[in-house]
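I opened this model to look up how its metal site is built and what surrounds it. My entries follow in the order in which I checked things.

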Amino acid sequence: MRLTCQQVSRLLSQAQDQPLSLGERIKLRLHLSVCDACSNFRRSLGFIRQAARRRPPQP
Ligand SMILES: [Zn+2]
């Protein structure tokens with residue numbers, strides 16, 4: 001029932017584009033609470049996303 005790190009990283013990438021189902025989010029959260037590697041991965045994804053959002057509209 002538990003997600004593997006590979007499944008978690010796929011879900012995290014997916015979550016950047018589309019909302020996850022409730023079940024997916026719960027399993028993700030459970031995994032992140034016990035797995036440092038995936039927590040770090042999620043943090044870096046969030047960082048990238050924030051950086052992209054902060055980018056000014058003009059090049
Ligand atoms: Zn993991």
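The entries below go from the overall fold to the metal site and then to one neighbouring residue.

Before reading anything off, I noted that this is a predicted model, in which local features need pLDDT of at least 70, side-chain atom pairs count only at pLDDT 80 or more, and totals for chains, interfaces and linings use all residues. Residues are numbered from 1 along each chain as its sequence is written, and side-chain values use heavy atoms, with hydrogens and water left out.

Fold. I found three helices and zero strands in the chain, running α-α-α from the N terminus; helices (H or I, at least four residues) and strands (E, at least two) are DSSP runs, numbered from the N terminus. Of the 59 residues in the chain, 20% are buried, where buried means under 20% relative accessible area, exposed over 50%, and partly exposed in between (1.4 Å probe, protein chains only).

Zinc site. Which protein atoms are the donors of the zinc ion? I listed Cys5 (SG), His31 (NE2), Cys35 (SG) and Cys38 (SG), at 2.0 to 2.4 Å from the ion; donors are N, O and S atoms within 2.8 Å of the metal (3.2 Å for Na, K and Ca), and since water is not among the atoms, sites may look incomplete. The angles subtended by the four donor atoms are 103 to 112 degrees, so the arrangement is tetrahedral, a label that requires all angles of four donors to lie between 85 and 135 degrees. For reference, the ideal angle for four tetrahedral donors is 109.5 degrees.

Spacing. Along the chain, the donors follow C-x25-H-x3-C-x2-C. Cysteine 5 in helix α1 (residues 5–17) and cysteine 35 in the loop between α2 (22–34) and α3 (36–54) are 30 residues apart, and this pair links distant parts of the chain. I then compared their exposure: cysteine 5 is partly exposed at a relative accessible area of 40%, whereas cysteine 35 is buried at 12%.

Neighbour of cysteine 35. Serine 39 lies in helix α3 and counts as buried at 16% relative accessibility. Its side chain reaches the backbone oxygen of cysteine 35 at 2.9 Å.

Disulfides. I searched the whole structure and found zero disulfides, taking a disulfide as a pair of cysteine sulfur atoms within 2.5 Å.

Key:
Four donors count as tetrahedral if all angles lie between 85 and 135 degrees; four count as square planar and six as octahedral if opposite donors are over 155 degrees apart and all others between 65 and 115; anything else is irregular. A polar contact is a pair of N or O atoms within 3.5 Å; within protein, one must be able to donate a hydrogen and the other to accept it, and residues adjacent in sequence count only if both atoms are side-chain atoms.
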